[in-house]
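Here is a short report on one protein chain. Keep the sequence and the 3D view open while reading.

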Amino acid sequence: MQPTPELSPDHSDAAETRPIVVLGAGVIGLTTAVRLLESASVRRRGIPVHILADHLPNDPLDAKYASTIAGAHHLSFADDDDLRQRTWDRTTFCVMYDEWRREGEKTGLMVLKQTEFYVGEDKHLKIFEEHPDFVVNDIPSMGLSFPADHSVAFTSLTMTPLTYLNRLVARISTLGGHIHRHHLPSLSHLDHVSATALIGSAAPLAVVVCAGIGALTLGGVEDSTVYPTRGQVVKVRAPWVRSGWTRQIGSLNGGEGGERTYVIPRPDGEVILGGTREEGDWNPYPRKETAEDILRRAAEICPILTPSHLSAAPLDDDLPTLDNLRMGDTGDTAAGTRSPLEELVVCHLVGFRPSRKDGIRLGRGPALEYVNGGRTEVVYNYGHA
Ligand SMILES: Cc1cc2nc3c(=O)[nH]c(=O)nc-3n(C[C@H](O)[C@H](O)[C@H](O)COP(=O)(O)OP(=O)(O)OC[C@H]3O[C@@H](n4cnc5c(N)ncnc54)[C@H](O)[C@@H]3O)c2cc1C
């Protein structure tokens, strides 16, 4: 989740009637809109800011709307020599840490101790050393029940995405921004009456494309290097877990490699257990065998997840839980293989991380010359996976 660039709109036009359009209402689009509305030039000139989006924060969950499915912990994947990404991730941490310090967990943010385990030759990323309270753990003294070759701990952040997104929506509304549900099939449709009915008939000064996975199909962008990295997670209720745990087996490879297990407590008492990274996999439904594997791995790296009253064997192992029934389990799972964590399960979630072959696209593209005869700058801000 990254900071957004300051736009400097074309000062030669009748700016007060020409809006800036942000396409997308995920964490990137909403944050972009807040930054625009707070910027001195937009405020001074009274430039209207409109957000157009298919999905809005309180909608039923949809795999294509990544922001509502995310864990979400602040854990950088920035390679040691990727200074651009490191700067963005450091800035994001500082902005969110500051929000939490001023207003506490009602922001949707939680500050916590994060412990990372590594199995294999990879060590921690350098950026973790910049976090408060960074230490390298002494593995033998940790009494682990699984093998690990390296471990670090530091202070980081997690969030309840819905709370955080709704606060961004409230900030936009307070700052005078406008949010509309609208599917834009193509950038060239910005002057179609279905769009101008919402944003006005003056050609926009700029459109900022924060469409996530939508950048693959949005006309005028159609970025064929965008692809889904499917993530399946299990949401459990475990308010006693107030620290984060991650285990990386094998090489991280910029976040794409190896097997990664994580336990992400949220401030509302729910905990996200993960996960998977399945490139190019568009299946929006949870897979039962994946869910079982996630519960097994999460219990392994975070023993405090399983309260002692659930550690004892259940009376009847053959009774399926409601969630198992929803996932097509007929109840014939072999006795003894069901995780005690099943008792804590709230739901199973699948989302598509909006991955991009060359990473995040942040910057200007060619302007649109054809919207209402005006010139509309195009800025891209997508590919945050
Ligand atoms: C399982 C999972 C776990 C994750 N865990 C973490 C984590 O722990 N930490 C972390 O930092 N990140 C995590 N992520 C990644 C995170 O979710 C993304 O980085 C982030 O949500 C991307 O936000 P976005 O705003 O770019 O996209 P999205 O949230 O997908 O929003 C895209 C927006 O664009 C709109 N849109 C697209 N096309 C159109 C169109 N043509 N017309 C109108 N509107 C359009 C959509 O409706 C939506 O509003 C996770 C993702 C998944 C799937």
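Which residues have the most contacts inside the largest nonpolar core? The model is predicted, and within it they are Leu23, Leu30, Ala33, Val209, Val263, Leu273 and Ala298. That core has 85 residues. Helix H1 supplies the largest share of it, seven residues.

**Overall make-up**

The protein has 385 residues, and 42% of them count as buried. Eight helices and 15 strands are present. Now take the contacts with a sequence separation of 6 or more. Of these, 75% join residues 24 or more positions apart.

**Two helices in contact**

Helix H1 spans residues 27–38, and helix H4 spans residues 161–174. Their axes come within 9 Å and cross at roughly 30°. Angles under 35 degrees count as roughly parallel, so H1 and H4 are roughly parallel to each other. The crossing of the two is left-handed. On the H1 side, the contact is made by Val27, Leu30, Thr31, Ala33, Val34 and Leu37. On the H4 side, Leu165, Leu168, Val169, Arg171 and Ile172 take part. Sorted by class, this contact has nine nonpolar residues, one polar and one charged. Leu30 and Ala33 of H1 belong to this contact, and they are also among the residues with the most contacts inside the largest nonpolar core.

**Two residues to look at**

Start with Val209. This residue is another of those with the most contacts inside the largest core. Which residues does Val209 touch, not counting residues up to four places away in sequence? They are Leu23, Ala215, Val221, Val378, Val379, Tyr380, Asn381 and Tyr382. Leu23 is itself listed among the residues with the most contacts inside that core.

Next, Ile20. Strand E1 covers residues 20–23 and contains Ile20. Is Ile20 buried or exposed? Ile20 has 28 other C-beta atoms within 10 Å, so it is buried. Ile20 and Ile51 are 31 residues apart in sequence. In space, their C-alpha atoms are 8.6 Å apart.

**Backbone exceptions**

Most residues other than glycine have a negative phi, and most peptide bonds are trans. The four sites below depart from that pattern.

| Site | Feature | Value | Loop |
|---|---|---|---|
| Gly71 and Ala72 | cis peptide bond | omega about 0° | Ala72: between strand E2 (49–53) and helix H3 (83–103) |
| Gly274 to Gly275 | cis peptide bond | omega near 0° | Gly275: between strand E11 (270–274) and strand E12 (278–279) |
| Asp133 | positive phi | near 65° | between strand E3 (109–119) and strand E4 (135–136) |
| Glu222 | positive phi | about 35° | between strand E7 (206–209) and strand E8 (226–237) |

Why do Asp133 and Glu222 count as exposed? A residue is exposed if 12 or fewer other C-beta atoms lie within 10 Å of its own. Asp133 has 10 C-beta neighbours inside 10 Å, so it counts as exposed. Glu222 has 11 C-beta neighbours inside 10 Å and therefore counts as exposed too. Each of the two has a positive phi without being a glycine. Val209 lies at the end of the range given for strand E7, 206–209.

Key
Residues are numbered from 1 along each chain as its sequence is written. This is a predicted model: local features need pLDDT of at least 70, side-chain atom pairs count only at pLDDT 80 or more; totals for chains, interfaces and linings use all residues. Axes are lines fitted to C-alpha atoms, for helices over the stretch in contact, and angles run from 0 to 180 degrees between N-to-C directions. Helices (H or I, at least four residues) and strands (E, at least two) are DSSP runs, numbered from the N terminus. Angles under 35 degrees count as roughly parallel, over 145 as roughly antiparallel, 65 to 115 as roughly perpendicular and the rest as oblique. A crossing is left-handed if the near helix is turned anticlockwise from the far one by less than a right angle, and right-handed if clockwise. Two residues are in contact if their C-beta atoms, placed from the backbone, lie within 7 Å. Ala, Val, Leu, Ile, Met, Phe, Trp, Tyr, Cys and Pro count as nonpolar, Asp, Glu, Lys and Arg as charged, and the others, Gly among them, as polar. A residue is buried if 20 or more other C-beta atoms lie within 10 Å of its own, exposed if 12 or fewer, and partly exposed in between; C-beta atoms are placed from the backbone. A nonpolar core is a set of buried Ala, Val, Leu, Ile, Met, Phe, Trp, Tyr and Cys residues joined through C-beta atoms within 7 Å.
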